[in-house]
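Open the model in your viewer and keep the sequence panel visible. The tour goes from one selection to the next and says what is there.

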Amino acid sequence: MLQVNPKMLPRLAEIEKDLLLRRKRAQEEHWLGEAEGIDSTLTFLRAKQAEAARLAKRTVANLGLPRPRPDSTGA
């Protein structure tokens with residue numbers, strides 16, 4: 001699976017809000033299959049939100065620039 005950039009958290013919140021509104025309408029209209037599909041999408045979306053939030057809390061390690069190793073053969 002692809003990782004979500006933590007900068008996308010506000011957009012994911014907008015998508016979640018929209019899905020909740022769609023789910024409410026689907027329940028009011030008795031579109032059971034639609035509501036079930038939206039529930040699946042919400043589950044996936046919330047997992048991605050949690051993963052992005054976890055990534056946002058991680059610190060980045062500075063590994064520096066790679067350098068060539070000194071020649072150890074003596075030639």
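A residue counts as buried under 20% relative accessible area, as exposed over 50%, and as partly exposed in between. The model is predicted.

**Stop 1: Asp18 and Arg22.** Select Asp18 and show its side chain. Asp18 has 35% relative accessibility, so it counts as partly exposed. Now add Arg22: the two form a salt bridge, with the closest N and O atoms 2.9 Å apart. Both residues belong to helix α1 and sit four residues apart, about one turn of the helix. Residues three or four places apart in an α-helix point the same way, because there are 3.6 residues a turn.

**Stop 2: Arg25 and Glu29.** Move on to Arg25 and Glu29, whose side chains meet in a salt bridge at 4.0 Å, N to O. Arg25 is at 47% relative accessibility and therefore counts as partly exposed. Glu29, at 39%, is also partly exposed.

**Stop 3: helix α2.** Select residues 32-57, which make up helix α2. The helix has 26 residues and reaches 38 Å from its first C-alpha to its last, close to the 38 Å expected at 1.5 Å a residue. Colour its buried residues, among them Ala35, Ile38, Gln49 and Leu55. Show α1 (9-28) as well, since it is part of what covers the buried residues of α2.

**Stop 4: Lys48 and Glu51.** Stay on α2 and select Lys48 and Glu51, three residues apart, about one turn of the helix. Their side chains meet in a salt bridge at 3.5 Å, N to O. Is Lys48 buried or exposed? At 7% relative accessibility, Lys48 counts as buried. Glu51 counts as buried too, at 19%. In total, the structure holds six salt bridges.

**Stop 5: the nonpolar core.** Select Val4, Leu12, Leu19, Ile38, Leu42, Leu45 and Ala52 together; these seven residues form the largest nonpolar core. The elements that give two or more residues to this core are α1 and α2. With four residues, α2 gives the most. In soluble globular proteins, nonpolar side chains tend to be buried together.

**Stop 6: Leu42.** Finish by centring on Leu42, one of the core residues. Which residues is Leu42 in contact with, leaving aside its neighbours within four places in sequence? They are Glu16, Leu19, Leu20 and Arg23. Of these, Leu19 is also listed in the core.

Definitions and conventions: Residues are numbered from 1 along each chain as its sequence is written. This is a predicted model: local features need pLDDT of at least 70, side-chain atom pairs count only at pLDDT 80 or more; totals for chains, interfaces and linings use all residues. Side-chain values use heavy atoms; hydrogens and water are left out. The expected span of a helix is 1.5 Å times one less than its number of residues. Buried means under 20% relative accessible area, exposed over 50%, partly exposed in between (1.4 Å probe, protein chains only). Contact means heavy atoms within 4.5 Å. A nonpolar core is a set of buried Ala, Val, Leu, Ile, Met, Phe, Trp, Tyr and Cys residues joined through side-chain atoms within 4.5 Å.
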